[in-house]
Amino acid sequence: MAFDGIVIASLVSELRRTILGGKINKIAQPEPDELMITIKNQKNQYRLLLSASASLPLIYLTENNKPGPLTAPNFCMLLRKHIGSGKIINITQPSMERIICFDIEHLNELGDLCRKKLIIEVMGKHSNLIFCDDEGKIIDSIKHVSAHMSSVREVLPGRSYFIPETQHKYNPLELTAEEFISVICEKPLAAAKAISSSITGISYVTAEEAVHRASLDGGVPMASLNEAEKQHLAGTFLRMIDEVKEESFVPNIVYCDKEPVEFSAIALTQYSDYTGIRDTDHPGVYKGKLTIVPFPSISQVLELYYAQKNIVSRIRQKSTDLRKVVQTSLERNIKKYDLQSKQMKDTEKKEKYRIYGELINTYGYGLEPGAKSFEALNYYTNEIITIPLDPTMTPGENAKKYFEKYSKLKRTAEALGTYLVETKNEIEHLESIATSLDIALAEEDLVQIKEELVQSGYIKRRNTGGKKARNTSKPFHYISSDGYDMYVGKNNYQNEELTFKFADGNDWWFHAKGQPGSHVIVKSRGDELPDRTFEEAGRLAAFYSKGRQAPKVEIDYIQKKHVKKPNGGKPGFVVYYTNYSLMIEPDISDIHQVNG
């Protein structure tokens, strides 16, 4: 979800309620393209972050401070000189653009009352912070844009500020139903694409929301709509814009499992009634359980969304090398297993060769020299079979040849039986590590996973000068609705520790059946656990498994005293011979977590 005009409108509404009329107390420039402005208003202090970063432009109110460098950059010094004690007298958004304009009143060196404008443009790589006088002439900007960089508009001191109209879109605040039907609905595009590409400040997700509210599919071509559907879509869209005009905003974040995937300033009904599995490999489609969480302000949404997104992105980036090692090894072992399985299938012919040899020895005494085959009764099945012969060999030599083939295939089958088990165990081990990487939420969670890969021989250990990597990663800790502690291993080492060192014999052990996943331990305290606790522990085992995206997962559970460690088994691998089972949804949204 990108910053669109509706998000900006929600921000303007929030800023008017909080900092309009406030006095600028402090201006800092923590990053080359970022400002942190402290404002005092009605005995309250607010911090406003404005970032013109090309990769992540942002604007929101925050409680977190970001101090600037000891020597302030020139743009920061300029702002301090002109508006360091200025009063914010107006906050506007021109024509639903991704632009916010702050009108600031201040006293100049002679004590005369003056006005200036601080404008933030939230437009991806073209984002900028521009400082203008009251007549719209640019005093300076945080990024200078010359004619060599842009043929559309120069952003340089002394130039007049204007908003370039390069796409000729319609202002949704002024759009009529007739224009929507006669222009937007005539676009040779899908409905959602036609709306987002023709109307200012409307992102594709917002356009999809309007189409969804009209009970249509976002991918339906405009040309396929009849007149009644066009009128209904126009009315639905304009009613959604009425929510913006009335400032009826509903800031929210959409989570896929625990990962934030969308945010908006309006209710996203397209997700609220969604119950299927969506695929994260395709834009706008999610694989997992979707949850919509409302927030009191759009600033909280933006700060939390991008902070959580940043964590997820950083962990994925940090784990990229580990994932590559696991995926490469997994693909190699799967190919090896397929080849071994094919070779094992070929050894199934060994009994045929043994029978051929026996039948030649039994009936071959009357064979004529040079015979290429002969028919004999298979006394195992009472069927007549044809046995191929080498005409250059005697019957005894043909029998010996078949017995040698039998012996060779028998030895191969015995060896392959061992290799198949070893390769399958290796595949299961690698799949469990891959699942651990999916579960990892912090950098320290990756330490034990990397150590396991090192000890398993997939990664060479680097010389760290005798220093061991610090690992502060701990299992997830949840409390059941009935007050019982539930612990979830994040990787195979933690699973091993939880099951065989932490858990007592009468504690309960949970695991997804037949697939990689976390060990879940419920400390029973010697009690008979309530059914609700069994259910919640099962949901944890389902969520922290490879099957977390399935509608339901089968869970095995048993008291820990019945879980054994096989001799020579990989970390976290266990055996058990009797257990209970349950089918459960991998939904943990209502289970209380103690630590992150």
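Me: What handedness does the crossing have where H11 passes H12, and what does the term require?

Reply: In this predicted model, H11 passes H12 in a left-handed crossing, a term used if the near helix is turned anticlockwise from the far one by less than a right angle, whereas a clockwise turn gives a right-handed one. Here H11 covers residues 395-439 and H12 residues 445-455, helices being DSSP runs (H or I) of at least four residues, numbered from the N terminus. Residues are numbered from 1 along each chain as its sequence is written. Because the model is predicted, local features need pLDDT of at least 70 and side-chain atom pairs count only at pLDDT 80 or more, while totals for chains, interfaces and linings use all residues; side-chain values use heavy atoms, leaving out hydrogens and water.

Me: Why are H11 and H12 called roughly antiparallel?

Reply: Their packing angle is about 160°, with the axes 10 Å apart, and angles over 145 degrees count as roughly antiparallel, so H11 and H12 qualify for that description. His429, Ile433, Ser436 and Leu437 of H11 meet Leu446, Ile449, Glu452 and Leu453 of H12, where contact means heavy atoms within 4.5 Å.

Me: What makes H9 roughly antiparallel to H11?

Reply: H9, residues 320-346, packs against H11 at an angle of about 155°, with the axes 9 Å apart, and it is this angle that makes H9 roughly antiparallel to H11. H9 also passes H11 in a left-handed crossing, and the residues of this contact divide into 16 nonpolar, seven polar and seven charged.

Me: Why are H5 and H6 described as oblique to each other?

Reply: The axes of H5 (residues 204-213) and H6 (residues 227-245) come within 8 Å and cross at roughly 125°. Oblique is the class left over once angles under 35, over 145 and from 65 to 115 degrees are assigned, and H5 and H6 are therefore oblique. Their crossing is right-handed, and the contact involves Thr206, Glu209, Ala210, Val211 and Arg213 of H5 with His232, Leu233, Thr236, Phe237, Met240 and Glu243 of H6.

Me: How do you know that the charged end of Lys523 sits over the ring of Phe502?

Reply: The charged end of Lys523 lies 4.7 Å from the centre of the Phe502 ring and sits over that ring, the rule being that NZ of Lys or CZ of Arg is within 6 Å of the ring centre and within 35 degrees of the ring normal. Lys401 likewise has its charged end over the ring of Tyr402, 5.1 Å from its centre.

Technical notes
Axes are lines fitted to C-alpha atoms, for helices over the stretch in contact, and angles run from 0 to 180 degrees between N-to-C directions. Helices (H or I, at least four residues) and strands (E, at least two) are DSSP runs, numbered from the N terminus. Ala, Val, Leu, Ile, Met, Phe, Trp, Tyr, Cys and Pro count as nonpolar, Asp, Glu, Lys and Arg as charged, and the others, Gly among them, as polar.
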